[in-house]
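Biologist: I'm new to reading structures. Could you walk me through one, feature by feature?

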Amino acid sequence: MRSTKTNWLDMFPYEFQEKQKELPIVYQPLGICEPHGQVAALGLDTFKAEHLCRTAALEVGGIVAPTQGFHAHEAGASARWLYENVGETDPLMTSLPPELMYKTFLYQLRAFYNTGFRGIIALSGHGGAHTQDFKRIAGHFAEATGCRVWYGTDFELAGPAFPADHAGKYELSTLMHLRPELVDLQLQSLEQQPASGGRLAIHSSAHEATASYGRAIVESCEAAIVKLVREMEQELQSGHAEECPRLDYQAIEAMWTQLLQQPWVGCSPRVGQVEVPSHSRWKPYERAIHSL
Ligand SMILES: [Zn+2]
């Protein structure tokens, strides 16, 4: 019987080999734990990415890699965003410095490539200025190796018919559809309680969220990702399969050095952005330039 498994984690080696032979495409769901008001579970972004990757794998084929549940936040433009939307309370977030995430991502691409994948779909449920940096890394890796790499967010997949937001009508609706037990709008009253964290970045459109709107968003994203993977499948079939040399650390470090020639968008405030006040807990991350 043909296996319906989609998760790398669940597969025996022979199942993995069969599945990869059918379609050498891997999915990397990316998410983060971060607040979406008092009313939603912290993993909202992650659930969106996991669902869409699994749906595409079931529909078209390919293997879903273990979820990357840490992500870039708090640095660059996000420092100001957090100052305005969360304030000085702790946001219960799984964030890492952007540059560390970027380099990790580059090494994740290496792992996929060396394992034999020739198409990579990296789908993030968490957006922000860093998205441009991840796309640049994906493009650079693709050019250097000939591997197909797509990096994007569910917001892009949903398209202009469904305006993106953070913890508003868009995001809360999607979670109402995917995991209804993880949204409770009545919990908004907790905002008033001392030490609760307050608004925790909830959007003013949150009360407009419905499960049926969420279903429309998710179905639009599902159709878009399936189309994207089918196109990648076509490209892979029309290309000729070459034996590719394995990528060692040195090869990746050389790519990293080249990537550092341009500044990262996600590590600095946006042009003209108002400065984070010096007393804020987010101030140290406003200019997060490292050299790893
Ligand atoms: Zn979100």
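**Reading the metal site**

Modeller: Let's start with the zinc ion: its site is irregular, with angles of 57 to 145° among its 4 donor atoms. Keep in mind that this is a predicted model, where local features need pLDDT of at least 70, side-chain atom pairs count only at pLDDT 80 or more, and totals for chains, interfaces and linings use all residues. Residues are numbered from 1 along each chain as its sequence is written, and side-chain values use heavy atoms, with hydrogens and water left out.

Biologist: What makes a site with 4 donor atoms irregular?

Modeller: Four donors are tetrahedral if all angles lie between 85 and 135 degrees; four are square planar and six octahedral if opposite donors are over 155 degrees apart and all others between 65 and 115; anything else is irregular. For four tetrahedral donors the ideal angle is 109.5 degrees.

Biologist: Which residues coordinate the zinc ion?

Modeller: A donor is an N, O or S atom within 2.8 Å of the metal (3.2 Å for Na, K and Ca), and water is not among the atoms, so sites may look incomplete. In this model His36 gives NE2, Asp45 gives an OD atom and Glu171 is listed with OE twice, at 1.8 to 2.4 Å. Along the chain, the donors follow the spacing H-x8-D-x125-E.

Biologist: Is His36 buried or exposed?

Modeller: Buried means under 20% relative accessible area, exposed over 50%, and partly exposed in between (1.4 Å probe, protein chains only). His36 has 0% relative accessibility, so it counts as buried. Asp45 is buried too, at 1%.

Biologist: How many aromatic pairs are there?

Modeller: Rings of Phe, Tyr and Trp (its six-membered ring) pair if their centres lie within 6.5 Å; planes under 30 degrees apart are stacked, over 60 edge-to-face, and the rest tilted. The whole structure has 16 such pairs. One of them is tilted: Trp8 and Phe112, 6.0 Å centre to centre with 45° between the planes. Trp8 is partly exposed at 24% relative accessibility, while Phe112 is buried at 4%. Phe12 and Tyr14 form a stacked pair, at 6.3 Å and 15°. Ring pairs also link Tyr102, Phe105, Phe134, Tyr151, Trp256 and Trp264 into a cluster.

Biologist: Which charged residue lies over the face of Tyr213?

Modeller: A charge sits over a ring if NZ of Lys or CZ of Arg is within 6 Å of the ring centre and within 35 degrees of the ring normal. Lys169 lies over Tyr213, 4.3 Å from the ring centre. The charged end of Arg179 sits over the ring of Phe47, at 4.8 Å from its centre.
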